[in-house]
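Biologist: I would like a close look at one part of this model, namely its aromatic pairs and what surrounds them. Please take it in one connected account.

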Amino acid sequence: MSEPLTPLDDLLGLLDLERIEKDIFRGTTGRPVLVPRVFGGQVAAQALVAAGRTVPGDRPAHSLHSYFLRPGDPRVPIVYTVDRIRDGRSFTTRRVVAVQHGQPIFHLSASFQAYEEGLEHQEPMPPAPDPLTLPAPAEMLARHAELLGGPEVVERILEARGAVDLRYVDAPPFASMGEPREPTSQVWFRTNGKLADDPLLHICLATYVSDMTLLDSVLLAHGRGGWAVGDVVGASLDHAMWFHRPFRADEWLLYDQESPTAQGGRGLARGRIFTADGRLAVSVIQEGVVRVPRG
């Protein structure tokens, strides 16, 4: 009898796109658990998989820029069409459009670069506690089950994030709502299981996780609990990432996040992802709709 699939197996299955033409791929959407739309990080990760499968393996992704255009429908697959914009001596550029029901729901541009030596410096890693001293997701969420709406809601959150061990350094927005704080947030994360050595896979897993908590810092500045408790409504508008140095998504990564501004029903957040030994691996910027419900 085969071993039952783990949440990480399910996620890796979602990222294993079906190639239906040379530059056209199809991805499944999975079962919605928390909201009746496809998680934005999943769409971004799948689009990057599609782009990466048209690029030589010795050219890792170094950046992506994307827009979320329409909510993804979890009832139907997503078709990803890749345009081969440029194949240069050092850089390769791809554009990906994700389509459902005949309409684009997501647009991504990604750039890939052959390895080369160059100047190097980086910001230092900020202080953060050892991730193993922080409560695991099940323990942290169980403490706030009543606030979140009961054990059933906790189970749905754990199911939605089951592929990732994500640990908050400080209290998440829903645990401190009503108390405005500095607009900064830190989480440690790694996948709940080992991954193959494919660098594109690790970059795509980091892309998936990067959309989970980035707007938390916007909420913290205003004492809002967030989507989990319903005192704001929102969605990601755009998402940009720069991949600086190699990393593994199955080893602990520190996601340091902050929000410099919110206005006009939108909030801006930026993040830095560090390896446990202090290397700056990824930079992230995202703007999202963050609205207070009327009435």
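How many aromatic pairs does the structure hold?

Modeller: The model is a predicted one, and it holds 3 aromatic pairs. Two of them are described here.

One is formed by Phe 39 and Tyr 208, whose rings are edge-to-face, 5.1 Å centre to centre and with 85 degrees between the planes. This pair links distant parts of the chain, 169 residues apart. Phe 39 sits in the loop between strand 2 (24-27) and helix 2 (40-52), while Tyr 208 belongs to helix 6. The two partners are placed in unlike surroundings: Phe 39 is partly exposed, at a relative accessible area of 26%, whereas Tyr 208 is buried, at 8%.

Phe 68 and Phe 106 make up another pair, and its geometry is tilted, with 5.0 Å centre to centre and 55 degrees between the planes. Because Phe 68 lies in strand 3 and Phe 106 in strand 6 (residues 103-113), the pair ties together parts 38 residues apart in sequence. Phe 68 counts as buried because its relative accessible area is 17%, and the cut-off for buried is under 20%. Phe 106 is likewise buried, with 1% relative accessibility.

Phe 106 also leads into the interior. The largest nonpolar core has 70 residues, and Phe 106 is among those with the most contacts inside it, together with Leu 48, Tyr 80 and Phe 243. Leaving aside neighbours within four places in sequence, Leu 48 is in contact with Phe 243. The other contacts of Leu 48, on that basis, include Ala 61, Leu 64, Leu 108, Ala 110 and Phe 112, as well as Leu 200, Ile 203, Cys 204 and Thr 207. Apart from this core lies another, of 7 residues, among them Leu 134, Trp 252, Leu 254 and Leu 280.

Strand 3, which holds Phe 68, spans residues 61-68 and also contains Ser 63. Ser 63 is buried, its relative accessible area being 7%. Once neighbours within four places are set aside, the contacts of Ser 63 are with Ser 109, Ala 110, Ser 111, Met 241, Trp 242 and Phe 243. Ala 110 and Phe 243 thus appear in the contacts of Ser 63 and also in those of Leu 48.

Phe 243 leads on to an open space. The second largest pocket has 26 lining residues, and Phe 243 is one of those nearest its centre, along with Tyr 115, His 244, Arg 245 and Pro 246. The volume of this pocket is about 880 Å³. Strand 3, helix 6 (199-210) and strand 9 (233-243) each contribute at least two residues to its lining. Helix 6, where Tyr 208 lies, gives the most to that lining, with 3 residues. By class, the lining of the second largest pocket comprises 12 nonpolar, 7 polar and 7 charged residues.

There is an enclosed space as well. The structure holds 1 cavity of 30 Å³ or more, and the volume of the largest cavity is about 40 Å³. Its lining includes Tyr 168, Asp 170, Ala 171, Arg 181, Ser 185 and Asp 216. Strand 8 (184-191) and helix 7 (216-221) each supply at least two of the residues lining the largest cavity. That lining divides into 5 nonpolar, 2 polar and 3 charged residues.

Conventions: Residues are numbered from 1 along each chain as its sequence is written. This is a predicted model: local features need pLDDT of at least 70, side-chain atom pairs count only at pLDDT 80 or more; totals for chains, interfaces and linings use all residues. Side-chain values use heavy atoms; hydrogens and water are left out. A nonpolar core is a set of buried Ala, Val, Leu, Ile, Met, Phe, Trp, Tyr and Cys residues joined through side-chain atoms within 4.5 Å. Buried means under 20% relative accessible area, exposed over 50%, partly exposed in between (1.4 Å probe, protein chains only). Contact means heavy atoms within 4.5 Å. Helices (H or I, at least four residues) and strands (E, at least two) are DSSP runs, numbered from the N terminus. On a 1 Å grid over the protein atoms alone, a cavity is a set of points where a 1.4 Å probe fits but cannot get out, and a pocket is an open set with protein on both sides within 12 Å along at least five of seven lines; lining residues have an atom within 4 Å of a point. Grid points are joined across faces, edges and corners, and a volume is the space filled by probe spheres set on the points. Ala, Val, Leu, Ile, Met, Phe, Trp, Tyr, Cys and Pro count as nonpolar, Asp, Glu, Lys and Arg as charged, and the others, Gly among them, as polar. Rings of Phe, Tyr and Trp (its six-membered ring) pair if their centres lie within 6.5 Å; planes under 30 degrees apart count as stacked, over 60 as edge-to-face and the rest as tilted.
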